[in-house]
Amino acid sequence: MSVKNRKKILLVDDSSTSLLMTCMLLSEENYELITARDGVEGFHKAQDEIPDLILLDVVMPNMDGIETCKVLRACKKTEGIPVIMITSRGGVASLEASYASGCNDYVIKPIDSGELLAKVKNCLGEWNAEE
Amino acid sequence: MKIDRDTLVKAFMADSEENLSTMEDALTLLETYPEDEETIRVIFRGAHTLKGNASLLEFMELSELAHAVEDVLDRMRKQVLHATPELISLILRAVDLMRQMVPTVTDKQRQVPSELVRLMADLARRCSSSAGAGPTPAPAPDGAGAIAKGHGGR
């Protein structure tokens with residue numbers, strides 16, 4: 001895949017450990033990865049960069065993932081960008097709130113690399129019949 | 001980039017120090033303003049992030065302690081528990097213990113601190129005393145078993 005055609009993914013998480021881990025998990029797929037440390041920064045970067053996909057942590061300062069997803073959906077520039085919510089184990093209420101906010105899918109922490117890659121590829125429309 | 005555990009552990013140490021300092025500062029503030037919801041949310045987020053990071057790297061004793069603190073704070077967020085001086089002091093003890101544990105998480109020879117089991121029990125007791133009025137307590141830590149046996153972190 002040429003650099004020009006690389007898919008761009010925005011990772012939004014207040015934990016640098018978690019961001020680093022997700023970058024490591026996705027780095028071999030030749031995606032362009034950009035990061036933000038809270039929902040407000042994530043929303044601004046989404047507007048500026050128009051990524052192909054956003055991975056959004058739920059619990060964050062300033063604006064949490066649920067609110068950020070609602071704001072992304074309410075904004076013309078970002079309303080169609082797929083969002084995968086990163087949530088904690090056992091948070092059924094959080095899952096319901098995630099879907100209600102307009103996310104496309106979710107991944108539960110600690111992240112399983114195979115599950116994450118499958119969901120990322122699915123949201124990016126990268127599966128084909130031969131795979 | 002493959003998974004570089006050493007780099008992740010370094011990031012974890014730095015993140016943890018930042019989270020624990022933020023929690024400590026906010027707990028001090030909470031002593032003066034025990035009803036301040038944003039301060040409680042700040043402490044909750046610190047415990048939540050620490051739990052998630054420790055779990056990511058399979059430092060299970062630390063993750064379970066942070067989880068127990070998070071459960072208490074979740075009840076404070078929902079006003080099922082209130083920020084009494086005693087409860088703030090209990091959480092500060094947990095923050096102190098986590099600060100002691102963080103630098104030793106990769107040490108295979110480390111001993112489980114005797115304070116850990118006692119503190120986990122105290123935190124769980126606070127949650128169970130509020131049972132019925134609020135959310136279901138987190139499963140008493142698988143961790144309790146793992147901790148008692150001295151298993152857990154890697």
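## A tour of chains A and B

Begin with A:P110, which is found in the loop between β5 (105-109) and α5 (113-123) of chain A. The model on display is predicted. Select the peptide bond from A:K109 to A:P110: it is cis, with omega near -5°. Most residues other than glycine have a negative phi, and most peptide bonds are trans.

**Chain A as a whole**

Next, select chain A and colour it by secondary structure. Five helices and five strands appear, and from the N terminus on they follow the order β-α-β-α-β-α-β-α-β-α. The radius of gyration of chain A is 14 Å, close to the 14 Å that the globule rule gives for 131 residues, so chain A is as compact as a globular protein of that length. Its C-alpha trace spans about 35 × 30 × 30 Å along the principal axes. Of the 131 residues in chain A, 35% are buried. If contacts are displayed with a separation of 6 or more, residues 24 or more positions apart account for 59% of them in this chain.

**Strand β3 of chain A**

Now select residues 53-57 of chain A, which form strand β3. Is this strand enclosed or open? Five of its five residues are buried, so β3(A) is largely enclosed by the rest of the structure. In a regular strand the side chains alternate between the two faces of the sheet. Here A:L53, A:L55 and A:D57 point one way, A:I54 and A:L56 point the other way, and all are buried.

Add strand β1 (residues 8-12) of chain A to the selection. Four bridges join β1(A) to β3(A), and the two strands run parallel. To locate this pairing, pick A:L11, whose bridge partner in β3(A) is A:L55.

Then add strand β4 (residues 83-88) of chain A, which pairs with β3(A) in the parallel sense, also over four bridges. A:D57 can be used as the marker here, since its bridge partner in β4(A) is A:I86. Follow the backbone from β3(A) to β4(A): the chain crosses through helix α3 (residues 65-74) of chain A, and this β-α-β crossover is right-handed.

On the way along that path, stop at A:N62, which is found in the loop between β3 and α3 of chain A. Its phi is positive, about 65°, although A:N62 is not a glycine. With 14 other C-beta atoms within 10 Å, A:N62 is partly exposed.

**Chain B as a whole**

Hide chain A for the moment and select chain B. Here there are six helices and zero strands, in the order α-α-α-α-α-α from the N terminus on. Of the 154 residues of chain B, 41% count as buried. Among its contacts between residues at least 6 apart in sequence, 71% join residues at least 24 apart.

**Helix α3 of chain B**

Select residues 60-77 of chain B, helix α3. Its 18 residues reach 25 Å from the first C-alpha to the last, close to the 26 Å expected at 1.5 Å a residue. How many of the residues of α3(B) are buried? The helix is mostly covered, with 17 of its 18 residues buried.

B:Q79 follows α3(B) and sits in the loop between α3 and α4 of chain B. Its phi is positive, about 60°, although B:Q79 is not a glycine. B:Q79 counts as partly exposed, with 13 C-beta neighbours inside 10 Å.

**Helix α1 of chain B and the contact with chain A**

Move to α1(B), residues 5-32. At 1.5 Å a residue, its 28 residues should span 40 Å, and its end C-alpha atoms are 41 Å apart, which agrees. Select the buried residues of this helix, among them B:A11, B:F12, B:D15, B:N19, B:M23 and B:L30. An α-helix has 3.6 residues a turn, so residues three or four places apart point the same way. Restore chain A to the view: what covers the buried residues of α1(B) includes α1 (16-26) of chain A together with α2 and α4 (85-101) of chain B.

The last selection is the contact between the chains, where 16 residues of chain B meet 14 residues of chain A. On the chain B side, α1 (5-32) and α2 (37-56) each supply at least two residues, and α2(B) gives the most, with seven residues. By class, this side of chain B has six nonpolar, six polar and four charged residues.

Conventions. Residues are numbered from 1 along each chain as its sequence is written. Chains are lettered from A and ligands numbered from 1 in the order in which they are written. This is a predicted model: local features need pLDDT of at least 70, side-chain atom pairs count only at pLDDT 80 or more; totals for chains, interfaces and linings use all residues. Two residues are in contact if their C-beta atoms, placed from the backbone, lie within 7 Å. Ala, Val, Leu, Ile, Met, Phe, Trp, Tyr, Cys and Pro count as nonpolar, Asp, Glu, Lys and Arg as charged, and the others, Gly among them, as polar. A residue is buried if 20 or more other C-beta atoms lie within 10 Å of its own, exposed if 12 or fewer, and partly exposed in between; C-beta atoms are placed from the backbone. The expected span of a helix is 1.5 Å times one less than its number of residues. The radius of gyration is taken over C-alpha atoms; the globule rule is 2.2 Å times the number of residues to the power 0.38. Two strands pair if DSSP finds at least two bridges between them. A crossover is right-handed if, with the strands pointing away from the viewer, the path from the first strand over the helix to the second runs clockwise.
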